[in-house]
Structures are given as C-alpha cells and as structure tokens.
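Please look over the sequence and the 3D model shown here before reading the notes beneath them. The notes are meant to be read with the structure open, one topic at a time.

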Amino acid sequence: RHVAKIKEVKGHTFGGVSYYQSLLNLRQKSLSAKIIELDIHRTMPGNKYFKCEGAGIKKLENVLVAYSIHNQNVGYCQGMNFFAALGLLYLDEETTFWYMVAIIDKILPNDYYSIGLLGAQADQTVLQEIVAAQIPDLSEHLLKLNANISLVTFNWFLTVFTDAMPTECALRIMDVFLNEGHKVMHR
C-alpha cells in the first residue's frame, strides 16, 4: 500500500520534469547540502563506487539533497547516507530517492529522524526492554557496568543496520524490512 501511494507521485511531472528532478533543481534551497557534502565521503569507504572519485558519490549527494528538500521537516540525518548508498548499489538514482521516501516517510515511525530523534530513541527503549526480558543476564551485566546498550545499537537502528553488517547481510535485512516493515528492527 505504501508503494502504491509512492508510485502515484513518482509518475507525475512538474513543468515537464519528474518530481525528483524538480527537487534537484531546487538544490540551493537545501539547508542540509553542506552537511551532506561533508558526510558522503564517510559512506562505505571500502566500496569503490563510493570512493572519492567513485561514480556513486555524486548520485548519493543528489539523492540525499533531493530528500532533504522533499521532507524539510526531516532534512538530512547522519545514517540516511548508508541505506541510500545500499540502494544505489542496485537501483538507479531516482528509484533510490523513492526507496528513501518509502523508508523514512512510510515505513519508519514518525519522528524517527526528527531533531530529537524521538522515534529512534523509542526503538532503543523497546530494545532495552526486549533484552531485559529475553537476555536478563546481559541486561543485568550492562546495569552493573552502568552501560546503556544504545551506545552500541543506536547507530545500527539509524542506518537500518546497513552500516553494522556486511553488504550481503545488510541486503537481506533490508529486503525483509521493506517487505514486513518496521517490526523487523526488533527481531
């Protein structure tokens, strides 16, 4: 159902150009462009597609800037670059933009990438409760150390595990995530 809504918008043109291209034409209005420019070079540094002169760098920048204009309430948040990059390994630039729209605007809870990262923080609370119920020894050990599990796992959730796993595993996780939704994050 999310994909059907996205396909409706994807097919529209605005003044003869696609919605995606119209966003790129507004590049100068992106408040996030400078941050994106600095951040993209830290994305998948071991992948030749995203090395300094790699073909993926400009595409990744375009996708992230377009999304930051599309959803100005969210803009850009570190972590988005990793699942956008994963998409660019297999999808064209515009389709990767729509893949990001599906993930951020439709699948993840509201406020996941808001200024306070409330949705992402809520996921960490749920994870702590799951660990306490399913692995009480680990939970107790972390409490004794005064260590919060989110120090390790927060980035995993922000990147939808694409930065924490080898590419093949990240692709499998993303496949299930796109098919079954946000609930996959806690399995």
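The briefing below takes up two helices, the cysteines, one histidine and one pocket in turn.

This is a predicted model, and every value that follows was computed from it. Among its helices, α4 is largely enclosed by the rest of the structure, because 12 of its 16 residues are buried, and α5 is mostly covered, with 9 of its 9 residues buried.

**Helix α4**

- Helix α4 runs over residues 55-70, and at 1.5 Å a residue its 16 residues should span 22 Å, which agrees with the 24 Å that separates its end C-alpha atoms.
- The buried residues of α4 include Gly56, Ile57, Leu60 and Glu61 towards the start of the list, and the run from Asn62 through Val63, Leu64, Val65, Ala66, Tyr67 and Ser68 to Ile69 is buried as well.
- These buried residues pack against four other helices, namely α2 (19-24), α3 (33-39), α5 (80-88) and α6 (93-107).

**Helix α5**

- In α5 the buried residues are Met80, Asn81, Phe82, Phe83, Ala84, Ala85, Leu86, Gly87 and Leu88.
- The partners against which the buried residues of α5 pack are α3, α4, α6, α9 and α10, and α4 in turn has α5 among the helices that its own buried residues pack against.

**Cysteines**

- With a disulfide taken as a pair of cysteine sulfur atoms within 2.5 Å, the count in this model comes to 0.
- Cys77 has a relative accessibility of 12%, so it counts as buried under the 20% limit.
- Cys169, at 30% relative accessibility, counts as partly exposed, because its value lies between the 20% and 50% limits.

**His182 and its surroundings**

- His182 is found in the segment that comes after α10 (167-180), and its relative accessibility of 18% means that it counts as buried.
- The side chain of His182 makes a polar contact with the side chain of Asp123, at 2.8 Å.
- When neighbours within four places in sequence are left aside, His182 is in contact with Ile107, Leu108, Pro109, Tyr112, Asp123 and Phe177, and Asp123 is thus both a contact and the polar partner of the His182 side chain.

**The second largest pocket**

- The second largest pocket has a volume of about 260 Å³.
- Its lining is made up of 15 residues, and those nearest the centre of the pocket are Phe161, Val184, Met185, His186 and Arg187.
- The elements that give two or more residues to this lining are α9 (150-158) and α10.

Terms used. Residues numbered from 1 in each chain as written. Predicted model: local features only at pLDDT ≥ 70, side-chain atom pairs only at ≥ 80, totals over all residues. Heavy atoms only, no water. Expected span 1.5 Å × (residues − 1). Buried < 20%, exposed > 50% of the residue type's maximum accessible area, 1.4 Å probe, protein only. Contact = heavy atoms within 4.5 Å. Polar contact = N/O pair within 3.5 Å; in protein donor to acceptor, adjacent residues only side chain to side chain. 1 Å grid on protein atoms, 1.4 Å probe; cavity = no way out; pocket = protein on both sides within 12 Å on 5 of 7 lines; lining within 4 Å. Points joined across faces, edges and corners; volume = space filled by probe spheres on them.
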